[in-house]
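Please walk me through this protein, beginning with its overall make-up and then following one helix and its surroundings step by step.

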Amino acid sequence: MNNDIQKNDTDNQEGGEPQKEEKAPSALMEKIQQLGQTNVPQLSQDSKIHCLTIIGQIEGHLALPPQNKTTKYEHIIPQLVAIEQNPKIEGVLIILNTVGGDVEAGLAISEMLATLSKPTVSIVLGGGHSIGVPIAVSCDYSFIAETATMTIHPIRLTGLVIGVPATFEYLDKMQERVVNFVTKHSKITEETFKDLMFAKGNLTRDIGTNVIGADAVKSGLIDDVGGLGQAMKKLNEMIDLQKEKNEGLIQ
């Protein structure tokens, strides 16, 4: 009898039902986990505008902690290359809500946006601070929400810094790159931009200026105050204008 019991146990182990493998979460569950809802409005397949969001902290050569909300420049740059190559995309809308981040990564994104052959419009929502300023002005036309802010301050370094004159010269040259780019791609003068950058007392225990909505437009940093509707309207106008120019060249 013991032999029969052992045989039955062996049959259950060898010939019984296989152990259930853990199933991957379904697409529906992934949507609920990531977005909090089951259905998300999608862009039409015929849409001629691509929306690119730059949020959180711009991550450059060093990986930030996992709890940080980041925009990785190695993700943005291939998208911009694909946008330039895709004939179906006729315009790009950049939505900014960033605290800044890596200077070289931010300038790399800015230069690529500035050299796109397709019309580009940016909107600063919430904040477009620090290195987010060059990204905002790199587009053909820029908007800022009434309640949005932009912090302009000198370049800072974190971590160990070698206290030699060469280090400060390097910082000064990097800062000049930012100043030159912003003044080239906006209506603000170099003198005004530097005054905002080095202002004392505007930021608590720090140097710099926090400009809000209409103030950014008055200084010449941003083109206009507006939101999504105004930005989409402007972008469509620019797309139509470029089409007319191209048709004129072909004729």
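**From the whole chain to helix α4**

Of the 251 residues of the protein, 37% count as buried, and because the model is a predicted one, every value discussed here is computed from predicted coordinates. The protein has nine helices and 10 strands. Among the contacts in the protein with a separation of 6 or more, 70% are accounted for by residues 24 or more positions apart.

Helix α4, which covers residues 103-114, is a suitable place to begin. Its 12 residues should span 16 Å at 1.5 Å a residue, and the C-alpha atoms at its ends are 16 Å apart, so the expected and computed spans agree. At the start of α4, a side-chain oxygen of D102 comes to within 3.1 Å of the backbone nitrogen of E104. Within the helix, V103, A105, G106, L107, I109, S110 and L113 are buried, and what covers these buried residues includes the strands β1 (49-59), β3 (91-101) and β4 (120-128) as well as the helices α3 (73-85), α5 (132-137) and α6 (165-184).

Two of these covering helices can be described in further detail, since two packed helices are described by the angle between their axes and the distance between the axes. For α3 and α4, the packing angle is about 10° and the axes are 10 Å apart; with an angle under 35 degrees counting as roughly parallel, α3 is therefore roughly parallel to α4. In this pair, Y73, I76, I77, L80 and V81 of α3 meet A105, A108, I109, M112 and L113 of α4.

For α4 and α6, the angle is about 25° and the axes lie 11 Å apart, which makes α4 roughly parallel to α6 as well, and the crossing of these two helices is left-handed. The contact is made by V103, E104, L107, S110, E111 and A114 on the α4 side and by Y170, M174, R177, V178 and F181 on the α6 side.

Turning to α6 itself, the 20 residues of this helix should span 28 Å at 1.5 Å a residue, and its end C-alpha atoms are 28 Å apart, so here too the expectation is met. The buried residues of α6 are T167, L171, M174, Q175, V178, V179, F181, V182 and T183, and they pack against α4, α5 and α7 (190-197).

Strand β4, one of the elements that cover the buried residues of α4, holds V124. Is V124 buried or exposed? With a relative accessible area of 0%, V124 is buried, because buried means under 20%. Leaving aside its neighbours within four places in sequence, V124 is in contact with L96, A136, F143, I144, A145, A148, T149 and M150. The C-alpha atoms of V124 and T98 are separated by 8.7 Å, although these two residues are 26 residues apart along the chain.

The loop between β4 and α5 contains S130. The phi angle of S130 is near 55°, a positive value in a residue other than glycine. At 25% relative accessibility, S130 counts as partly exposed, whereas V124 in β4 is buried.

Note on methods
Residues numbered from 1 in each chain as written. Predicted model: local features only at pLDDT ≥ 70, side-chain atom pairs only at ≥ 80, totals over all residues. Heavy atoms only, no water. Helix = DSSP H or I, 4+ residues; strand = E, 2+ residues; numbered from the N terminus. Expected span 1.5 Å × (residues − 1). Buried < 20%, exposed > 50% of the residue type's maximum accessible area, 1.4 Å probe, protein only. Contact = heavy atoms within 4.5 Å. Polar contact = N/O pair within 3.5 Å; in protein donor to acceptor, adjacent residues only side chain to side chain. Axes fitted to C-alpha atoms, helices over the stretch in contact; angles between N-to-C directions. Parallel < 35°, antiparallel > 145°, perpendicular 65-115°, else oblique. Left-handed = near helix turned anticlockwise from the far one by under 90°.
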